[in-house]
Amino acid sequence: MTETPYPSHTVVVPNSIDMVSVLGPGDEHLGLIERAFKADVHVRGNRITLTGEPAEVALAERLLDEIVTIIRTGQGVTTETVERIISMMRAETTERPADVLSLNILSNRGRTIRPKTLNQKRYVDSIDKHTITFGIGPAGTGKTYLAMAKAVQALQAKDVSRIILTRPAVEAGERLGFLPGTLSEKIDPYLRPLYDALHDMLDPETIPKLLAAGTIEVAPLAYMRGRTLNDAFIILDEAQNTSPEQMKMFLTRLGFGSKIVVTGDVTQVDLPGGVQSGLRVVEGILDGVEDVVFNRLTANDVVRHRLVGRIVAAYDAFDATQPERPSHQRDSRPRGTTR
């Protein structure tokens, strides 16, 4: 008995769409599609014929539709884009990959900041919908970077009158007086990653003016004590290095018309021995509190070089096999790598 051959299905790409954008330079996207799906792919002009298991052909057809939709927005499609679309489709989510990858948060000097994964899109949406949002995940998942983009967007839309960026200077034990140099020189190394992100999002010549006017404030967490922050978009970065008391102090700075985003990585705590991480305990305290939401990002959401995601996943797998150690004995990465 001979096997019944799978029927073929032909997708016709609109003439207005450049086929090189669909198939990729050197047919890179085409090769990706052939490897990702159990289907044969043949291209002739603007006609793409798919042959294989019906479910796989349907997925491949949907992928092509997502690619065309993204191209129509004017956004370039890279091999990484195609990989992310495939990953989202395999996850069987209700959100369209094209909607996730085409959401523009901020544009500056020809560069547009967008979420690149489904979890990043959900994180950005939750910042819009809630007053206090936690973004918890490993380095490179965009948690701080996207929060800062939303802060700049809110400032430009006049939803807030100022941005406040803060992080604990835990490497100096918050005892900045023991370090050489002026106060600014002492603080700068711990805040430099926040300044670097600002330079990606605003014209460099405007940043000193905004800082001088107090429209943007970048300061150590210790400087938040005793204040009430109204009409502001407030970001606490590296929150795993706060004590529970510092976390409570920070969250209670919230004033009218303000929004808070707290970011951190609970696997990278640099606090001295015996000090609990405020980020580790806060979810148990605030779970179920209205208008507070916790978002978790994973190695799958790393948006740096694709190898970074694999490295993070490999370390996670290794750590899962190791006995639990006190937080002060855990290895620390170089400061300022979390975004």
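**Helices and a sheet, step by step**

Modeller: In this predicted model, helices α3 and α4 are oblique to each other.

Biologist: Nice place to start! What is the angle behind the word oblique for α3 and α4?

Modeller: Helix α3 covers residues 54-72 and helix α4 covers residues 79-90. Angles over 115 and up to 145 degrees are neither roughly perpendicular nor roughly antiparallel, so they count as oblique. The axes of α3 and α4 lie 10 Å apart, and the angle between the two helices is about 130°.

Biologist: How do the residues of the contact of α3 with α4 divide into nonpolar, polar and charged?

Modeller: Let's look at who meets whom at this right-handed crossing. From α3 come E56, L59, R62, L63, E66, I67 and I70, and they meet T81, V82, I85, I86, M89 and R90 of α4. Sorted by kind, these residues are eight nonpolar, one polar and four charged.

Biologist: Now to the sheet. Which strands are at its edges?

Modeller: Six strands make up this open sheet, with parallel pairing, in the order β8-β7-β9-β10-β6-β11. Neighbouring strands are turned by 15° against each other on average, direction ignored. An edge strand pairs on one side only, and that describes β8 (216-220) and β11 (292-296).

Biologist: Which residue of β11 stands opposite T133?

Modeller: Strand β6, residues 132-136, runs parallel to β11, and five bridges join the two. Within this pair, the residue opposite T133 is V293.

Biologist: Which helix packs on the sheet and touches β6, β7, β9 and β10?

Modeller: Two helices are worth telling apart here. Helix α11, residues 278-286, lies across β6, β10 and β11, at about 135° to β11. The helix touching β6, β7 (162-167), β9 (232-236) and β10 (259-264) spans residues 244-251 and makes about 155° with the direction of β10: this is α10.

Biologist: Is Y123 buried or exposed?

Modeller: You will find Y123 in helix α6, residues 118-129. Leaving aside its neighbours within four places in sequence, Y123 has contacts that include T133, F134, G135, V261, T263 and N295. The cut-off for burial is under 20% relative accessible area. Y123 has 0% relative accessibility, so it counts as buried.

Biologist: How many Å apart in space are Y123 and A147, C-alpha to C-alpha?

Modeller: A147 is one of the residues in contact with Y123, along with G142, K143 and L146. In sequence, Y123 and A147 are 24 residues apart. In space, the distance from C-alpha to C-alpha is 8.9 Å.

Technical notes. Residues numbered from 1 in each chain as written. Predicted model: local features only at pLDDT ≥ 70, side-chain atom pairs only at ≥ 80, totals over all residues. Heavy atoms only, no water. Helix = DSSP H or I, 4+ residues; strand = E, 2+ residues; numbered from the N terminus. Buried < 20%, exposed > 50% of the residue type's maximum accessible area, 1.4 Å probe, protein only. Contact = heavy atoms within 4.5 Å. Pairing = 2+ DSSP bridges. Axes fitted to C-alpha atoms, helices over the stretch in contact; angles between N-to-C directions. Parallel < 35°, antiparallel > 145°, perpendicular 65-115°, else oblique. Left-handed = near helix turned anticlockwise from the far one by under 90°. Nonpolar A, V, L, I, M, F, W, Y, C, P; charged D, E, K, R; others polar.
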